[in-house]
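Colleague: Please pick one part of this model and take me through it closely, step by step. I would like the cut-off behind each term as you come to it.

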Amino acid sequence: MIAASLAAATRLVTGASVHWLCDRSSETPRIYFANHSSHLDFVLVWSSLPPPARRRARPVAGSDYWQQTAMRRYFADRVFHAVLIQRSSNRADASAAQASVARMAEELDHGQSLIVFPEGTRRLDGEVGAFKSGLFHLSQLRPDVELIPVYLQNLNRILPKGEILPVPMLGRVVFGRSFERHRDEPKPAFLSRARHALVELGVAA
Amino acid sequence: MSSLHDVALIRLLGGIVGLLVVASIVGGLMRWQIRGGPNREMVDNINARIRAWWIMALVFATSVAIGAVGSIVLFTIISFLALREFVTIAPTRPADHRALFWCFFIVTPLEYLLIWFGWYGLFAIFIPVYVSMLVAIRTAVAGDTEQFLQRTATTQWGLLICVYFVSYAPALQMLRIPGYEQQNAKLMVFLVVVVQLSDVLQYIWGKSVGKRRIAPSLSPNKTWAGCIGGTLSATAIGAAIWWATPFGPVAAGLMAFVVTVMGFVGGLIMSAIKRDRGVKDYGSLIEGHGGILDRIDSLCFAAPVFFHLTRFFFVP
């Protein structure tokens, strides 16, 4: 209920137009990866999905941030059923990172779609930053799951990092074509290609 | 305090519905005649526009029927949506966030509250003087001086066009015209009908006989024939519905003429802004028309002039 009203409010505040370049009514689990600049990002992607897909879509979020306060915990666990993972900043956390990717794969196996933000954190300037490697490992682990780039426009202007009150400009959500995987592609190439797919969507939009 | 006791008002609104019925029939005939032809896209667009006109006319008529509150609420929403379209294409920076929040959620409602209170003195200077200062102050306090002048000026312009100018339409209700008490709703309907009809007539004249463009760098669709034909026919219609206004037939025609010319100029200016920002339409809210700002661009510039002319000549 809270989730539904938040979704409606987000659609209203962002006045977002939604564009689909891929099949919007697909029933199979997918990985949606989007650029990240605002708290509204996930809610907007989620509310832009058709209702059946929405019920099976879970955001992947950083546990360090979302477990910090009771309210954040409530939103992450109860409202949006987030898959909380540890954001790893150094290589020593390799095992933690592996565990995170395994958790995501498990969700996919249970028929859930994932909404991920591969930049790892919210950007202030509206550009698309470098991707963390989680998306690559997840893609390796579940090579048959569709990867859908989702470009979010203007969200950094509507509710930027650090602000609590939104300015209701018009936003835009573009669901791109399914991202093509190449056999045996090395990690850096994959990540930069995935990032590029997202940037392209923004340019075309 | 519904305004539907007024027979002239009902005739005006009935006239709008009649026009739309005619337009829908003509649109239907055009589609039937042109089936699959080369101009199909244009005819489809015309029919989409007519459908949108029905919705706009019904919303407007309903708000007028409700009375003063109805039109104040409607124009508050229009201003809000217009400002949203304007700010979306404006080159803002993160430091503008708080100032913009004020513009949307404090300034816009307050401007219309002043109309509701009938406080003309403050209404007339609130945005041009005090909010202009507020925008500059709030932006300066945010500390980012990059393109400061351009950013503050853009926000101030946005507020003037989308909120201040537009609010002059419902503000017509504040005027106390002797012998015209409780009838000001018709004045607003007169303004809106003349301005919007003029847009439509300019389009029709331009498409049917227009050749030479007036300002190709601003708007490729505006031709001399469209402008002159549209202005004159809208003036004639304004004169013909003089009975709904406190003016005589000649004065009503002159008013309609000024309003139409201002509307035309407004359309040009709003296109210039679009060109500057590299967009074709301000939005996509209204099917076939573009955004709200694409529809009310002419009203923005006509409303203040119409208000002040009426106030100067007809309010003692």
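Modeller: I shall look at the sheet of chain A, beginning with the chain as a whole and ending with two residues beside the strands. The model is a predicted one, so local features are given only at pLDDT of at least 70 and side-chain atom pairs count only at pLDDT 80 or more, while totals for chains, interfaces and linings use all residues. Residues are numbered from 1 along each chain as its sequence is written, and chains are lettered from A and ligands numbered from 1 in the order in which they are written.

Chain A has nine helices and seven strands, where helices (H or I, at least four residues) and strands (E, at least two) are DSSP runs numbered from the N terminus. Its C-alpha atoms fill a box of roughly 45 × 40 × 35 Å along the principal axes. The radius of gyration of chain A is 16 Å, which agrees with the value near 17 Å that a compact globule of 205 residues would have; the radius is taken over C-alpha atoms, and the globule rule is 2.2 Å times the number of residues to the power 0.38. Of the 205 residues of chain A, 39% count as buried, meaning that 20 or more other C-beta atoms, placed from the backbone, lie within 10 Å of the residue's own, whereas 12 or fewer make a residue exposed and counts in between make it partly exposed. Among contacts (C-beta atoms within 7 Å) in chain A between residues at least 6 apart in sequence, 73% join residues at least 24 apart.

The sheet itself is open and consists of seven strands in the order β1-β7-β6-β2-β5-β3-β4 of chain A, with mixed pairing; strands pair if DSSP finds at least two bridges between them. At its edges lie β1 (17–20) and β4 (83–85) of chain A, each of which pairs on one side only, and the twist from one strand to the next averages 20°. At the β4(A) edge, strand β3 (residues 57–62) of chain A pairs with β4(A) in the parallel sense over three bridges, and G62(A) has I85(A) in β4(A) as its bridge partner. Helix α9 (residues 187–204) of chain A packs on the sheet, where it touches β2 (30–34), β6 (146–153) and β7 (172–175) of chain A, and its direction makes about 45° with that of β6(A); such angles run from 0 to 180 degrees between N-to-C directions, with axes fitted to C-alpha atoms, for helices over the stretch in contact.

The loop between β7 and α9 of chain A holds D184(A), which has a positive phi of about 55° although it is not a glycine. D184(A) counts as exposed because 5 other C-beta atoms lie within 10 Å.

Back at the β4(A) side, W66(A) belongs to helix α4 (residues 63–66) of chain A. W66(A) touches A61(A), R72(A), R73(A), A76(A), A82(A) and L84(A), leaving aside residues up to four places away in sequence. W66(A) and L84(A) are 18 residues apart along the chain, and their C-alpha atoms are separated by 7.7 Å. With 19 C-beta neighbours inside 10 Å, W66(A) counts as partly exposed.

How values were computed:
Contact = placed C-beta atoms within 7 Å.
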